[in-house]
Amino acid sequence: MGSLCGTMIIILAMLPAILTMADPYCDCDCPQQCEVKLHYYLHQFRAGEDHPNRNEEFVTSGGPSGLGAGLIHDWSLTTGLDPNVNIVGRAQGWHIVASQSSPANWYLSQNIVFQDSKYAGSTLQVMGIIEGSEEKVGEWSIMGGTGEFTNARGNIKYRAIKKEDVEWIRELDIQVLYTPNTPSDVQVAKNITKGN
């Protein structure tokens, strides 16, 4: 019994040294994760008969409280405040009034479809809440992706920086973790993971 205890004490004493020698990172060809941070502006031109540039349309009117009112949207995503310059993609989906509070919260489900840069053709699937007042920073979840953003997950922090009758602009800070598709991205992911 004494030798078993002695052996256990030696193993426990040596364990930190053994663990520091082990490489915690995998050199296998298994998928590695990449992270990218993006900064864009989302342009919403609100629905309404007197809004000729609208990029959303009502599909349901909802009840007396507004609950259930829903819109399909095709908002533009740009690198700056001008809605017509440097369009990098579209936020295509729907949002629906999902609360009876005032101001109402909107449930959002959309695909961000990239059309410019190295991410052209790639998508991010996004869902979350647009808080009625939008007085503070909000957050949406990235639930998946395609193309360059295969197996994406992450979040989007947004804040309204312009709220007018016709146009709303939200500033987006996007953080995405994804599995790279191309060999060069896989090598970059391995280097990031190993701290090189």
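Where is Pro103 found? Pro103 sits in the loop between strand S4 (87–97) and S5. The legends below cover this loop and several other sites in a predicted model.

**Figure 1. Overview of the chain, with 2 helices and 9 strands.** The order along the sequence is α-β-β-β-β-β-β-β-β-β-α. The chain has 196 residues, and buried residues make up 35% of them. Among contacts with a separation of 6 or more, 51% link residues 24 or more positions apart. The exposed area of the chain is about 11100 Å². Carbon and sulfur atoms supply 57% of that area.

**Figure 2. The S4–S5 loop, with a cis peptide bond from Ser102 to Pro103.** Omega of this bond is near -5°. Both residues belong to the loop between S4 and S5: Ser102 and Pro103. Ser102 has 75% relative accessibility and counts as exposed, because the cut-off for exposed is over 50%. Gly132 lies 30 residues from Ser102 along the chain. The C-alpha atoms of Ser102 and Gly132 are separated by 7.2 Å.

**Figure 3. The largest pocket, with a volume of about 330 Å³.** Its lining comprises 18 residues. Gln44, Arg46, His95, Trp106 and Trp168 are the lining residues nearest the pocket centre. Three strands each supply at least two lining residues: S2 (56–60), S3 (70–78) and S9 (167–178). By class, the lining holds 9 nonpolar, 4 polar and 5 charged residues. His95, one of the residues nearest the centre, is shown again in the next view.

**Figure 4. His95 in strand S4, with side-chain polar contacts to Glu56 and His73.** The contact between the side chains of His95 and Glu56 is 3.5 Å. The contact between the side chains of His95 and His73 is 2.9 Å. Is His95 buried or exposed? His95 has a relative accessible area of 3%, so it is buried under the 20% cut-off. Neighbours within four places in sequence are left aside in the contact list of His95. That list includes Gln44, Glu56, Ala69, Gly70, Leu71 and His73. Trp75, Trp106, Tyr107 and Leu108 are also in contact with His95. Trp106 and Gln44, both on this list, are also among the lining residues nearest the centre of the largest pocket.

**Figure 5. Gln110 in strand S5 (residues 106–114), joined to His73 by a polar contact.** The contact is between the two side chains, at 2.8 Å. His73 also makes a side-chain polar contact with His95. The side chain of His73 therefore has polar contacts with both Gln110 and His95, as a polar contact is a pair of N or O atoms within 3.5 Å. Gln110 has 4% relative accessibility and counts as buried. Residues up to four places away in sequence are not counted among the residues that Gln110 touches. Those counted include His73, Trp75, Ala91, Gln92 and Gly93. Leu124, Gln125, Val126 and Trp140 are touched by Gln110 as well. Trp75 is in contact with Gln110 and with His95.

**Figure 6. Ser76 in strand S3, beside Arg90 with C-alpha atoms separated by 4.6 Å.** Ser76 and Arg90 are 14 residues apart along the chain. Is Ser76 buried or exposed? Ser76 is buried, at a relative accessible area of 4%. Not counting residues up to four places away in sequence, Ser76 touches Tyr41, Leu42, His43, Asn55, Pro83, Gly89 and Arg90.

**Figure 7. Two loop asparagines with positive phi, Asn86 and Asn151.** Which loop holds Asn86? Asn86 is placed in the loop between S3 and S4. Its phi is near 55°, a positive value in a residue other than glycine. Asn86 is partly exposed, with a relative accessible area of 47%. Asn151 belongs to the loop between strand S7 (138–146) and strand S8 (153–163). Asn151 is not a glycine, yet its phi is positive at about 55°. The relative accessible area of Asn151 is 52%, and this residue is exposed. The two asparagines fall into separate classes because exposed means over 50% and partly exposed lies between 20% and that value.

Key:
Residues numbered from 1 in each chain as written. Predicted model: local features only at pLDDT ≥ 70, side-chain atom pairs only at ≥ 80, totals over all residues. Heavy atoms only, no water. Helix = DSSP H or I, 4+ residues; strand = E, 2+ residues; numbered from the N terminus. Buried < 20%, exposed > 50% of the residue type's maximum accessible area, 1.4 Å probe, protein only. Contact = heavy atoms within 4.5 Å. Areas by Shrake-Rupley, 256 points an atom, 1.4 Å probe, with all protein chains shown as cover. 1 Å grid on protein atoms, 1.4 Å probe; cavity = no way out; pocket = protein on both sides within 12 Å on 5 of 7 lines; lining within 4 Å. Points joined across faces, edges and corners; volume = space filled by probe spheres on them. Nonpolar A, V, L, I, M, F, W, Y, C, P; charged D, E, K, R; others polar. Polar contact = N/O pair within 3.5 Å; in protein donor to acceptor, adjacent residues only side chain to side chain.
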